[in-house]
Amino acid sequence: MTMERTPPTRERLDIEPLRVLATLPSMGKVMVASSERGVTHERIGPVEAVSSEGLLIRVSGPSHDSRIDPREIANIIADRSGRMGEKVFPRIDFQTSDDAVLFSVVGFEGIEPFDAALASLGAGTPLEAAPGKPASKRGEVVESDPGALPFSRASASGEATTIGFHREGFEQRWRGRIETVKPAMGFINIIQPDFHMHLKAGAVAGWRQDGDRLFAIAPDGSLLGLFVSPEPR
């Protein structure tokens, strides 16, 4: 009799990124999330397709597109320790060569479809539990914070909007209508069934317009990687 493998709580998947990402459509509802310099961009929902586009990998679903450069991925870590109450929220961290998380995929359907999807990849290398992270300081969101401006305008107008986030090796876009913009816990938040954005208070000093697209500018004058544009009518 063949015993089913019980995956470790945390393991490194020594598999090329395309093969790991190709398992996402069978996981059901997932979150694809990336965070850098006070911007967190999270698309939520099923992945419909994973494909190669030249050197990039495209992950697409309803109202979402992610484009990933696999050359920036040095490690892929499956972690089954995440919980909220009694429910497990397993995730896959795609890390750069300095062990920073480029982006993560979180399974919203629980551990069974997550493990079933990854089973075809075979056993990974077991790892110890990840060290805990210190809590970050949170400032207050003031009414004059420029980070909220384009989102509040789009919410008030009801127009369809694209909110994109770009960093080296990863770009993701969400398209839809912004219902509300909620400042709370030191962040400007958009919380919708298929999309979450968390923008840290003070992360945006202003916006630079290029055509119909607005690019967020950091206090040091650099581009943050966050951009906003109206959807074509």
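**Figure 1. The largest nonpolar core of the predicted model.** In this predicted model, the largest nonpolar core is made up of 25 residues, and the residues with the most contacts inside this core are Phe94 and Phe103. Two or more residues are contributed to this core by each of the elements α1 (17-21), β2 (29-36), β5 (56-61), β7 (75-79), β10, β11 and α2. When neighbours within four places in sequence are left aside, Phe94 is in contact with Val20, Leu21, Ile73, Asn75, Ile76, Ala100, Val101, Leu102, Phe103 and Val105. Apart from this core lies another one, of 21 residues, whose members include Phe151, Ala154, Phe195 and Ala203.

**Figure 2. Aromatic pairs that tie together separate parts of the chain.** The count of aromatic pairs comes to 6. One of these is the pair of Phe89 and Phe108, which is edge-to-face, with 5.5 Å from centre to centre and 85 degrees between the planes. Phe89 lies in the loop between β9 (87-88) and β10 (91-95), whereas Phe108 lies in the loop between β11 (101-107) and α2 (111-118), so this pair ties together parts that are 19 residues apart in sequence. Phe89 and Phe108 are both buried. A pair with a stacked arrangement is formed by Phe103 and Phe170, whose ring centres are 5.1 Å apart and whose planes are at 20 degrees. Because Phe103 lies in strand β11 and Phe170 in strand β14 (residues 170-177), the pair ties together parts that are 67 residues apart in sequence. Phe103 and Phe170 are likewise both buried, and ring pairs link Phe94, Phe103 and Phe170 into a cluster.

**Figure 3. The surroundings of Glu42, a buried acidic side chain without a salt bridge.** Glu42 has its place in strand β3 (residues 39-46). Although Glu42 is buried, it has no salt bridge, and the nearest side chain of opposite charge, that of Arg91, is 11 Å away. A polar contact of 3.4 Å does, however, join the side chain of Glu42 to that of His198. Not counting residues up to four places away in sequence, Glu42 touches Met31, Val32, Ala33, Gln172, Asp194, Phe195, His196 and His198, so that His198 appears both among the residues in contact and as the partner in the polar contact; contact here is a matter of heavy atoms within 4.5 Å.

**Figure 4. Salt bridges and the exposure of their partners.** The structure holds 14 salt bridges. In one of them, Arg12 is joined to Asp14, with the closest N and O atoms 2.9 Å apart; Arg12 counts as partly exposed because its relative accessibility is 27%, and Asp14 counts as exposed because its relative accessible area is 53%. In another, the side chains of Arg71 and Asp69 meet at 2.8 Å, N to O. The two partners fall into opposite classes, in that Arg71 is exposed, with a relative accessible area of 58%, while Asp69, at 10% relative accessibility, counts as buried. Glu171 and Arg173 also meet through their side chains in a salt bridge of 2.8 Å, N to O, and Arg173 is partly exposed, its relative accessible area being 26%. Beyond such pairs, a network of salt bridges links Glu53, Arg58, Asp65, Arg67 and Arg175.

**Figure 5. Loop residues with a positive phi or a partly exposed position.** Arg37 is not a glycine, yet has a positive phi of about 55 degrees. The place of Arg37 is in the loop between β2 and β3, and at 39% relative accessibility this residue counts as partly exposed. Ser63, which is not a glycine either, has a positive phi of about 70 degrees. Ser63 is placed in the loop between β5 and β6 (64-68), and it counts as partly exposed because its relative accessibility is 28%. Gly158 is found in the loop between α3 (149-157) and β13 (160-167), where, at 31% relative accessibility, it counts as partly exposed. The C-alpha atom of Gly158 is separated by 39 Å from that of Ala78, a residue 80 residues apart from Gly158 along the chain.

Methods:
Residues are numbered from 1 along each chain as its sequence is written. Side-chain values use heavy atoms; hydrogens and water are left out. Helices (H or I, at least four residues) and strands (E, at least two) are DSSP runs, numbered from the N terminus. Buried means under 20% relative accessible area, exposed over 50%, partly exposed in between (1.4 Å probe, protein chains only). Lys and Arg count as positive and Asp and Glu as negative; His and the chain ends are not counted. A salt bridge is a side-chain nitrogen of Lys or Arg within 4 Å of a carboxyl oxygen of Asp or Glu. A polar contact is a pair of N or O atoms within 3.5 Å; within protein, one must be able to donate a hydrogen and the other to accept it, and residues adjacent in sequence count only if both atoms are side-chain atoms. Rings of Phe, Tyr and Trp (its six-membered ring) pair if their centres lie within 6.5 Å; planes under 30 degrees apart count as stacked, over 60 as edge-to-face and the rest as tilted. A nonpolar core is a set of buried Ala, Val, Leu, Ile, Met, Phe, Trp, Tyr and Cys residues joined through side-chain atoms within 4.5 Å.
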